[in-house]
Amino acid sequence: MKKIEAIIKPFKLDEVREALSEIGVTGLTVTEVKGFGRQKGHTELYRGAEYVVDFLPKVKVEIVVADNLVERVMEAVINAARTGKIGDGKIFVTAVEQVVRIRTGESGEAAI
């Protein structure tokens, strides 16, 4: 099993969720986060004062899937989240050793 974490632009969340549903992903976790990379933030004007916004709002989507779905999930996220502009985000894939569904006690892939 693998955990896929995707950092994406907030307005792309619905498209990513729909793309994942189409390939059979039934569950995911979404967290509102802030960060910066090459995008580096920007300056804004508020009541005549200029200030720097270092951390930009992003959304982190976390999905745990069976090994055979990893490539399809990554492709779906990339295709749905891509705008072609800087700040589109990143995808991280890590190994998951064990999963347990608390309600039923199921473990492994049956608990995903």
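Start by selecting lysine 9, which sits in the loop between β1 (2–8) and α1 (13–22). Keep in mind that you're looking at a predicted model. Is lysine 9 buried or exposed? Its relative accessibility is 13% and the cut-off for buried is under 20%, so lysine 9 counts as buried.

Now show what surrounds it. Leaving out residues up to four places away in sequence, lysine 9 touches Lys58, Thr83, Lys85, Ile86, Gly87 and Asp88. Pick Asp88 from that set: the side chains of aspartate 88 and lysine 9 meet in a salt bridge, at 3.8 Å from N to O. This pair links distant parts of the chain, with aspartate 88 in the loop between α2 and β6 (90–95) and lysine 9 in the loop between β1 and α1, 79 residues apart. Aspartate 88 comes in at 17% relative accessibility, so aspartate 88 counts as buried.

**Next stop: β1 and β5**

Select glutamate 5 and lysine 60. They form a salt bridge too, with the closest N and O atoms 3.5 Å apart. Which parts does this pair tie together? Glutamate 5 lies in strand β1 and lysine 60 in strand β5, so the bridge ties together parts that are 55 residues apart in sequence. Colour by accessibility and you'll find glutamate 5 at 18%, which counts as buried.

**Then: aspartate 67**

Move on to aspartate 67, found in the loop between β5 and α2. Set aside residues up to four places away in sequence, and aspartate 67 touches Met1 and Lys2. Add lysine 2 to your selection: aspartate 67 forms a salt bridge with lysine 2, the closest N and O atoms being 4.0 Å apart. Here again distant parts of the chain are linked: lysine 2 is in strand β1, aspartate 67 is in the loop between β5 (56–65) and α2 (70–81), and 65 residues separate them.

How do the two partners score on accessibility? Aspartate 67 has a relative accessibility of 46%, so aspartate 67 counts as partly exposed. Lysine 2, at 27%, counts as partly exposed.

While aspartate 67 is still selected, pull up aspartate 14 and draw a C-alpha to C-alpha distance. You should get 24 Å for these two, which are 53 residues apart along the chain.

If you'd like to hunt for further bridges, a search of the whole structure finds six.

**Zoom out**

Switch to cartoon. How many helices and strands does the protein have? There are two helices and six strands, running β-α-β-β-β-β-α-β from the N terminus on.

Now turn the C-alpha trace along its principal axes: the spans are about 60 × 30 × 20 Å. The radius of gyration is 17 Å, whereas a compact globule of 112 residues would have one near 13 Å.

Try a contact map next. Among contacts between residues at least 6 apart in sequence, 72% join residues at least 24 apart. The lysine 9 and aspartate 88 bridge, with its partners 79 residues apart, is a handy long-range pair to look up.

Finish with the surface on. The protein exposes about 7700 Å², and carbon and sulfur atoms supply 51% of that. Of the 112 residues, 29% count as buried. For the charges, colour the 17 positive and 17 negative ones: their mean positions are 4 Å apart.

Methods:
Residues numbered from 1 in each chain as written. Predicted model: local features only at pLDDT ≥ 70, side-chain atom pairs only at ≥ 80, totals over all residues. Heavy atoms only, no water. Helix = DSSP H or I, 4+ residues; strand = E, 2+ residues; numbered from the N terminus. Rg over C-alpha atoms; globule rule 2.2 N^0.38 Å. Buried < 20%, exposed > 50% of the residue type's maximum accessible area, 1.4 Å probe, protein only. Contact = heavy atoms within 4.5 Å. Areas by Shrake-Rupley, 256 points an atom, 1.4 Å probe, with all protein chains shown as cover. Lys, Arg positive; Asp, Glu negative; His and termini not counted. Charge placed at Lys NZ, Arg CZ, Asp CG, Glu CD.
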